[in-house]
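Trainee: Please pick one part of this model and take me through it closely. After that, show me how it fits with the rest.

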Amino acid sequence: MRTLALKRKYKGIYEVENDKIKISLSNPYSANGFGTNAWELIIYNKKNGKELLHEWFETKKEASRFGAKWVIKNL
C-alpha cells in the first residue's frame, strides 16, 4: 500500500510539495499539546492557491494512504 512521502516540519505537522501542489498532513491538537488522534489532510494547488482536498482522518496512516490514492487517481 502506498503512502505519502511526507517530511516532518514541526510537531504534528508533515508536508511535501513540488512546483504544482503542496500536501499538508497535520494534527493541530497534538501540535498544541492536546494529544488527540485527529489528522487533517489538505492538498493545495500552488498555481491558483485553491484547496483540492480537505479531509479529516482518525490516524496519520489512514490519511497518508488516502492522500496517496487521491494523488495517483486525480493528478
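Mentor: Start with tyrosine 14. Is tyrosine 14 buried or exposed? In this predicted model, its relative accessibility is 17%. Buried means under 20%, so tyrosine 14 counts as buried. The residue is part of strand E2, which covers residues 13-17.

Now look at what surrounds it. Leave out residues up to four places away in sequence, and tyrosine 14 touches Leu6, Lys7, Arg8, Lys9, Ile23, Ser24, Leu25, Trp39 and Lys60. Take Leu25 from that list. Tyrosine 14 and leucine 25 are 11 residues apart along the chain, yet 5.2 Å separates their C-alpha atoms.

Compare another tyrosine. Tyrosine 10 sits in strand E1. Its relative accessibility is 52%. The cut-off for exposed is over 50%, so tyrosine 10 counts as exposed. Its C-alpha atom is 9.3 Å from that of serine 26, with the two positions 16 residues apart along the chain.

Some of the neighbours of tyrosine 14 lead on to the core. The largest nonpolar core has 14 residues. Which of them touch the most other members? They are Leu4, Leu6, Ile23, Leu25, Leu41 and Ile43. Four elements each give two or more residues to this core: E3, strand E4 (39-45), strand E5 (51-57) and helix H2 (60-74). There is a general pattern to keep in mind here. In soluble globular proteins, nonpolar side chains tend to be buried together.

Isoleucine 43 is a good core residue to follow. Setting aside residues up to four places away in sequence, isoleucine 43 touches Ile21, Lys22, Ile23, Lys50, Glu51, Leu52, Leu53, Trp70 and Val71. Ile23 is one of the contacts of tyrosine 14 too.

Next, go to a loop. Asparagine 27 lies between strand E3 (21-26) and helix H1 (28-31). Is asparagine 27 buried or exposed? Its relative accessibility is 2%, so it counts as buried. Beyond residues up to four places away in sequence, asparagine 27 touches Gly12, Thr36, Asn37, Ala38 and Trp39. Trp39 is also in the contact list of tyrosine 14.

Follow the contact with Asn37. Asparagine 37 is in the loop between H1 and E4. At 48% relative accessibility, asparagine 37 counts as partly exposed. Outside four places in sequence, its contacts are Asn27, Phe57, Glu58 and Thr59. Asparagine 37 and glutamate 58 are 21 residues apart in sequence. From C-alpha to C-alpha, they are 5.9 Å apart in space.

One stop remains, before strand E1 (7-10). Arginine 2 is in that segment. With 62% relative accessibility, arginine 2 counts as exposed. Exposed does not rule out contacts here: arginine 2 is in contact with Ser64, Arg65, Ala68 and Ile72, leaving aside neighbours within four places in sequence. Now set arginine 2 against valine 16. They are 14 residues apart in sequence and 15 Å apart in space, C-alpha to C-alpha.

Step back to the whole chain. What is the order of its elements from the N terminus on? They run β-β-β-α-β-β-α. That makes 2 helices and 5 strands. The radius of gyration is 12 Å, close to the 11 Å that the globule rule gives for 75 residues, so the chain is as compact as a globular protein of that length. The C-alpha trace spans about 35 × 25 × 20 Å along its principal axes.

Tyrosine 14 and asparagine 27 both belong to the buried share. Across the chain, buried residues make up 35% of the 75 residues. Contacts can also be sorted by sequence separation. Of those with a separation of 6 or more, 29% are between residues 24 or more positions apart.

Finish at the surface. The accessible surface comes to about 5,200 Å², and carbon and sulfur atoms hold 49% of it. The chain carries 15 positive and 8 negative side chains. The centres of these two sets lie 6 Å apart.

Terms used: Residues are numbered from 1 along each chain as its sequence is written. This is a predicted model: local features need pLDDT of at least 70, side-chain atom pairs count only at pLDDT 80 or more; totals for chains, interfaces and linings use all residues. Side-chain values use heavy atoms; hydrogens and water are left out. The radius of gyration is taken over C-alpha atoms; the globule rule is 2.2 Å times the number of residues to the power 0.38. Buried means under 20% relative accessible area, exposed over 50%, partly exposed in between (1.4 Å probe, protein chains only). Contact means heavy atoms within 4.5 Å. Accessible areas come from the Shrake-Rupley method with a 1.4 Å probe; for residues, only the protein chains shown count as cover. Lys and Arg count as positive and Asp and Glu as negative; His and the chain ends are not counted. The place of a charge is taken as NZ of Lys, CZ of Arg, CG of Asp or CD of Glu. A nonpolar core is a set of buried Ala, Val, Leu, Ile, Met, Phe, Trp, Tyr and Cys residues joined through side-chain atoms within 4.5 Å.
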